[in-house]
Amino acid sequence: MRGAYFTTTGNPDVITIGELPEPDPRAGEVKIRVIAVSVNRVDTYIRAGKYRTELSQPALIGRDAIGEIVAIGDGVSLDRFDSRRGVPASVPLVWTNSMGYDGRQGVAAQYICVPQERLYPAPTNVYGQASEHTTHAKYEASTNNDDSQGERGSRMHASSSPHPISAHEFIACVHSAATAAIVLNSVMRVRNGERLLVEGAGGHVGTKFTELAAARGLDVYTTSNPRDFERLAALGASHTFDYADPDLFTTLARATQDATAQPEGHHRNQDATPTVPRPGGFAHIVDTSGRVPFARNLDLLGIHGEMTMITPPPDHEAGLDLWSFYTSSKQLNGFVISHASTDQLSAAARVINDAVDNGMLLGDPVDVLPLSEAARAHERVESGHERSRIVLTL
């Protein structure tokens, strides 16, 4: 079988496309024919050796994949995979998002074997093959570092319709959606009506936080490029702010002191549920961009407020007011999905499946490439300027 793998860490050119032995499922494993594999930033960290973890040899790239079951090992029941779809048990469509690290083999091959506890049935509205417009999606790389250039070129956008979507479109959303679902439900343990600030909300992860948090009944404030305001409001953000505003933090602090006020310099979602006056500050803050000064965010937290880090801030410890932090009973969480438990991943899978069944989480631009372009895909993701979600098709 063909696969994309590496035998030593390094630059994208260490990725080899070649023939590998086809695996057989062991007890508790499920063998799937892979349809599509997403390419995420963490995949480049593992390939480059920046994120140190036990790897198989040779190591297939990738952790998120979707495909069809072709065989099962001892102790596996197909009932857990086809109950949502109502399809013959011989061909249930399934997905995984926790392979390729901690000694588990990656997913970028024609066939892979996945532990049954790390495999989930696909949403009911996902079908196995890419649609014609997805398969032939083209991309014009931008050489301009200005992120406004990301709108140029020929881009394919994932469908916003709940029925149907391709496996490629679905797997593109999984990594960022799972991060948001676990942080909101397991790390933050958010409650209805709490005030959440999502920074860098126009990106892949930020939109997932915004949409899932709004669906949970949170009062969601966002910072982003103004071009993203309309979309974020449609996803449920109640207040949208320009991240480049030199007075941003003053404006945010003022906005949270009177939740019913209309602060200057922002967009109010008129369709959102009216806010109720609460103690000042945010109950939760998550910076998806890694560009916001740490101390600034701590100042925006209310009493008992908590900040969750999913990427390091630019200033680390600079200007940290530990006295204010502890006397206000504030909290700091750190989260990387590579350390998520199987229970957390399974709970996130249920959230994702339900959301996608209802037409959510599918607004990102998606670019589908053949497996042979795996190294190029890593280069694009590693550049830091890629606005599309990249998916390899097999």
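**Exercises on a predicted model**

The chain holds 11 helices and 19 strands. The model is predicted.

**Exercise 1.** Describe how helix 1 and helix 11 are placed relative to each other.

*Solution.* Two packed helices are described by the angle between their axes and the distance between the axes.
- Step 1, distance: the axes of helix 1 (residues 41-48) and helix 11 (residues 374-383) come within 9 Å.
- Step 2, angle: these axes cross at roughly 110°.
- Step 3, class: angles of 65 to 115 degrees count as roughly perpendicular, so helix 1 is roughly perpendicular to helix 11.
- Step 4, residues: helix 1 contributes Arg41, Asp43, Thr44, Arg47 and Ala48 to the contact, and helix 11 contributes His378, Val381 and Glu382.
- Step 5, chemistry: the contact of helix 1 with helix 11 has 4 charged, 2 polar and 2 nonpolar residues.

**Exercise 2.** Decide whether Cys113 and Cys173 are buried or exposed, and give the count of disulfides.

*Solution.*
- Step 1: buried means under 20% relative accessible area.
- Step 2: Cys113 has 12% relative accessibility and therefore counts as buried.
- Step 3: Cys173 has a relative accessible area of 2%, so Cys173 is buried.
- Step 4: a disulfide needs a pair of cysteine sulfur atoms within 2.5 Å; by this rule the count is 0 disulfides.

**Exercise 3.** Summarise burial, surface and contacts for the chain.

*Solution.*
- Step 1, burial: of the 394 residues in the chain, 55% are buried.
- Step 2, surface: about 17,100 Å² is exposed by the chain, with 49% of it supplied by carbon and sulfur atoms.
- Step 3, contacts: among contacts in the chain with a separation of 6 or more, 72% come from residues 24 or more positions apart.

Methods:
Residues numbered from 1 in each chain as written. Predicted model: local features only at pLDDT ≥ 70, side-chain atom pairs only at ≥ 80, totals over all residues. Heavy atoms only, no water. Axes fitted to C-alpha atoms, helices over the stretch in contact; angles between N-to-C directions. Helix = DSSP H or I, 4+ residues; strand = E, 2+ residues; numbered from the N terminus. Parallel < 35°, antiparallel > 145°, perpendicular 65-115°, else oblique. Contact = heavy atoms within 4.5 Å. Nonpolar A, V, L, I, M, F, W, Y, C, P; charged D, E, K, R; others polar. Buried < 20%, exposed > 50% of the residue type's maximum accessible area, 1.4 Å probe, protein only. Areas by Shrake-Rupley, 256 points an atom, 1.4 Å probe, with all protein chains shown as cover.
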